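Dear colleague,

Please find below the structure that I am handing over to you, together with its sequence. My notes on what was found follow directly after it.

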Amino acid sequence: MASSSPLSPILLSLFLVFICGVSAQTAPAPAPSGPLNFTGILDKNGQYTYFLQLLAQTQVGSQVQTQLKTTTEGFTVFAPTDNAFNNLKPGTVNNLDPQQKVQLVLYHVIPKYYSLNDLQFVSNPVRTQAGQDFGLNVTGLNNQVNVSSGVVETQINNALYQKKPLAIYQADKVLLPEEFFGAKSPAAAPSPATKKSSTGSKSNSRASATADEPASADNSGSTGRNMGLGFVVGLALACMGFFS
């Protein structure tokens, strides 16, 4: 019986290695991930309906999406939940004019990428896309980050997306700009009652002084007349006694 050639197992092994190598080379590469979709991330999380509506109405969503393709600094977005909008007083957003609505949305966008750790060490106020005067105060301690607008303050701890160039964090309150919603106390002014009382007191004082002065003059004149009359009567009586 013929013995098998000792080269057969070696040839078989080489053949299998060759086949595996060819298969690896011809296998399709994994499909690249799609472009970063800002509003798609919010939509996927399912509790940002109102914020998405504002992003669409103001066109801020499309602007951020376009700038994500070219930005070198990135963006950080604080996304208010539907509950955050539901907790606002009625008319808080609807009473804003179109330009103010744009600034309200842009107030939630920082033109720089910050991780949660980075937010603990930022310099305040942090500039937002709403404009130079629309800043946020961000404070951090023991991995806890708080964001304040001067009107409201909320804690940030849930990252919806955190990979440069975009960071999106859940905000449990709508960040209301102090420029629109800050309490402005009117300048203090004296009350009408106080002014009236003060004016009345001065008028009474003048009237009293004016009334007293003629009275004093009348008394003086009356005294003089009485003295003159007494002198005449006394002189007449003296003459009558002289001629009697």
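**Helix H2 and its surroundings**

On one side of helix H2, Asp43 and Lys44 are exposed; the opposite side carries the residues Phe38, Ile41 and Leu42, which are buried. Please bear in mind throughout that this is a predicted model. Helix H2 itself spans residues 38–45. When the helix is viewed down its axis, the buried residues of H2 fall within an arc of 95°, and they therefore line one face of the helix. This agrees with a general property of the α-helix: with 3.6 residues a turn, residues three or four places apart point the same way.

What covers the buried residues of H2? The cover includes two helices, H3 and H4 (60–67). It also includes the strands E1 (75–80), E7 (159–163) and E8 (166–171). After H2 comes Gly46, with a positive phi near 80°.

**The packing of H3 and H6**

Helix H3, one of the elements covering the buried residues of H2, also packs with helix H6. H3 comprises residues 49–58 and H6 residues 98–106. In general, two packed helices are described by the angle between their axes and the distance between the axes. For H3 and H6 the angle is about 125°, and the axes are 10 Å apart. Angles of 65 to 115 degrees count as roughly perpendicular and those over 145 as roughly antiparallel, so H3 and H6 are oblique to each other. The crossing in which H3 passes H6 is left-handed.

Which residues make this contact? From H3 they are Phe51, Leu54, Leu55 and Thr58, and from H6 they are Lys101, Val102 and Val105. By character, the residues of this contact comprise five nonpolar, one polar and one charged.

**Backbone features in the loops**

The loop between H3 and H4 contains Gln59. The phi of Gln59 is positive, near 65°, although the residue is not a glycine.

Two cis peptide bonds should also be mentioned. One of them joins Asn124 and Pro125, with omega at about -5°. Pro125 is located in the loop between helix H7 (116–119) and strand E3 (126–128). The peptide bond from Lys164 to Pro165 is likewise cis, and its omega is near 20°. Pro165 is found in the loop between E7 and E8, two strands that take part in covering the buried residues of H2.

Yours sincerely

Conventions. Residues numbered from 1 in each chain as written. Predicted model: local features only at pLDDT ≥ 70, side-chain atom pairs only at ≥ 80, totals over all residues. Heavy atoms only, no water. Axes fitted to C-alpha atoms, helices over the stretch in contact; angles between N-to-C directions. Helix = DSSP H or I, 4+ residues; strand = E, 2+ residues; numbered from the N terminus. Parallel < 35°, antiparallel > 145°, perpendicular 65-115°, else oblique. Left-handed = near helix turned anticlockwise from the far one by under 90°. Contact = heavy atoms within 4.5 Å. Nonpolar A, V, L, I, M, F, W, Y, C, P; charged D, E, K, R; others polar. Buried < 20%, exposed > 50% of the residue type's maximum accessible area, 1.4 Å probe, protein only. Arc of directions from axis to C-beta.
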